[in-house]
Amino acid sequence: MNEEIKTFTISIYTENNIGLLNRISAIFQRRHINIESLTTSQSEIEGVNRFVIVVNITESQARKIIGQFEKQVEVIRAYYHKDEETIYTESCMFKIKSALLFEEPQIQNIIKESNARIVTVNKEFFVLEKSGRRNEIESLRRDLNVFGIMQFVRAGRIAVTKDEMKVTEMLMAFNNQ
């Protein structure tokens, strides 16, 4: 039975302990799975962190990986979701020569059409910020690449689920122990 490889967003709720990221990445490494995106932040419960990891794998691989995560002492709960089950976004920043902003009217049109935001402008450069889906960010990157990009950085995916996860009640119980 050949399963289809899909994009999954994995959410891992954890205690904030040193070395956990290393163990999480080792689980992927042992299975030769590339991490497309990784973001970590505080969750909705103080003292509980959330990893959001994007991978391209089969659903059976996702189930096995979730089981491995939940064996880690610091992991409170782990979930996987398909793209259609989540609301997600990414963000990025572009650093571009300031002269282009004034000399190339097309750049101003690109900024408007892409709903990017100018964060700062000085004599040497200006910085754009864009949030959205990866394809929107890549499209803006292609459009700006023609003019020259001094620096580019993209943050990992952040995501929430469309369905109620009931993890908040569980985390509250964990936090009150």
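## A starting point: Thr-40

At 42% relative accessibility, Thr-40 counts as partly exposed, a class that lies between buried (under 20% relative accessible area) and exposed (over 50%), using a 1.4 Å probe and protein chains only. This threonine is found in strand 2, which covers residues 35-42. Thr-40 and Ile-12 are 28 residues apart in sequence, and their C-alpha atoms are 9.2 Å apart in space.

This is a predicted model, in which local features need pLDDT of at least 70 and side-chain atom pairs count only at pLDDT 80 or more, while totals for chains, interfaces and linings use all residues. Residues are numbered from 1 along each chain as its sequence is written, and side-chain values use heavy atoms, with hydrogens and water left out.

## The whole chain

The chain holds 6 helices and 9 strands; these are DSSP runs numbered from the N terminus, with helices (H or I) of at least four residues and strands (E) of at least two. Taken along the principal axes, the C-alpha atoms fill a box of roughly 60 × 45 × 30 Å. Of the 177 residues, 40% count as buried.

## Strand 5 and its partners

Strand 5 spans residues 86-97 and is a good place to begin tracing the strand pairing. Two strands pair if DSSP finds at least two bridges between them. With strand 7 (residues 125-132), strand 5 runs antiparallel, and 8 bridges join the two. Here Ile-96 has Phe-126 in strand 7 as its bridge partner.

Strand 5 also runs antiparallel to strand 8 (residues 151-154), to which 4 bridges join it, and Phe-94 stands opposite Phe-152 in strand 8. Strand 9 pairs with strand 5 in the antiparallel sense too, over 4 bridges. In that pairing, Thr-89 faces Ile-158 of strand 9. If you are following side chains along any of these stretches, keep in mind that in a regular strand the side chains alternate between the two faces of the sheet.

## The hairpin of strands 6 and 7

Strand 7 has another partner to look at: strand 6 (residues 117-121) pairs with strand 7 in the antiparallel sense over 4 bridges. Strand 6 and strand 7 form a hairpin, with 3 residues between them. Across this pairing, Arg-117 stands opposite Glu-129 in strand 7.

## Salt bridges

A search of the whole structure finds 11 salt bridges, each being a side-chain nitrogen of Lys or Arg within 4 Å of a carboxyl oxygen of Asp or Glu. Side chains of opposite charge can pair when their charged atoms come close. One of the salt bridges joins the side chains of Arg-63 and Glu-59 at 3.8 Å, N to O. Because Arg-63 and Glu-59 are 4 residues apart in helix 2 (residues 59-70), about one helical turn separates them. Arg-63 is partly exposed at 47% relative accessibility, and Glu-59 is partly exposed at 23%. Glu-59 also meets Lys-82 in a salt bridge of 3.7 Å, N to O. This pair links distant parts of the chain, with Glu-59 in helix 2 and Lys-82 in strand 4 (residues 75-82), 23 residues apart.

In helix 5 (residues 134-145), Arg-141 and Glu-138 lie 3 residues apart, about one turn of the helix. Their side chains form a salt bridge of 4.0 Å, N to O. Arg-141 counts as partly exposed at 32% relative accessibility, as does Glu-138 with a relative accessible area of 22%. Salt bridges that share partners join these two with Glu-90, Arg-134 and Arg-154 into one network.

## Patches on the surface

Glu-84, Glu-85, Asp-163 and Glu-164 form a negative surface patch. Patches are made of residues with over 30% relative accessible area and no salt bridge, joining like charges within 9 Å and nonpolar side chains (Val, Leu, Ile, Met, Phe, Trp, Tyr) within 5 Å. Lys and Arg count as positive and Asp and Glu as negative, leaving out His and the chain ends; each charge is placed at NZ of Lys, CZ of Arg, CG of Asp or CD of Glu. Within the patch, Asp-163 is exposed, with a relative accessible area of 60%. Asp-163 is found in the loop between strand 9 (158-161) and helix 6 (167-175).

There is a nonpolar surface patch as well: Met-93, Val-119 and Val-153 together have about 240 Å² of accessible area, by the Shrake-Rupley method with a 1.4 Å probe, where for residues only the protein chains shown count as cover. Val-153 lies in strand 8.
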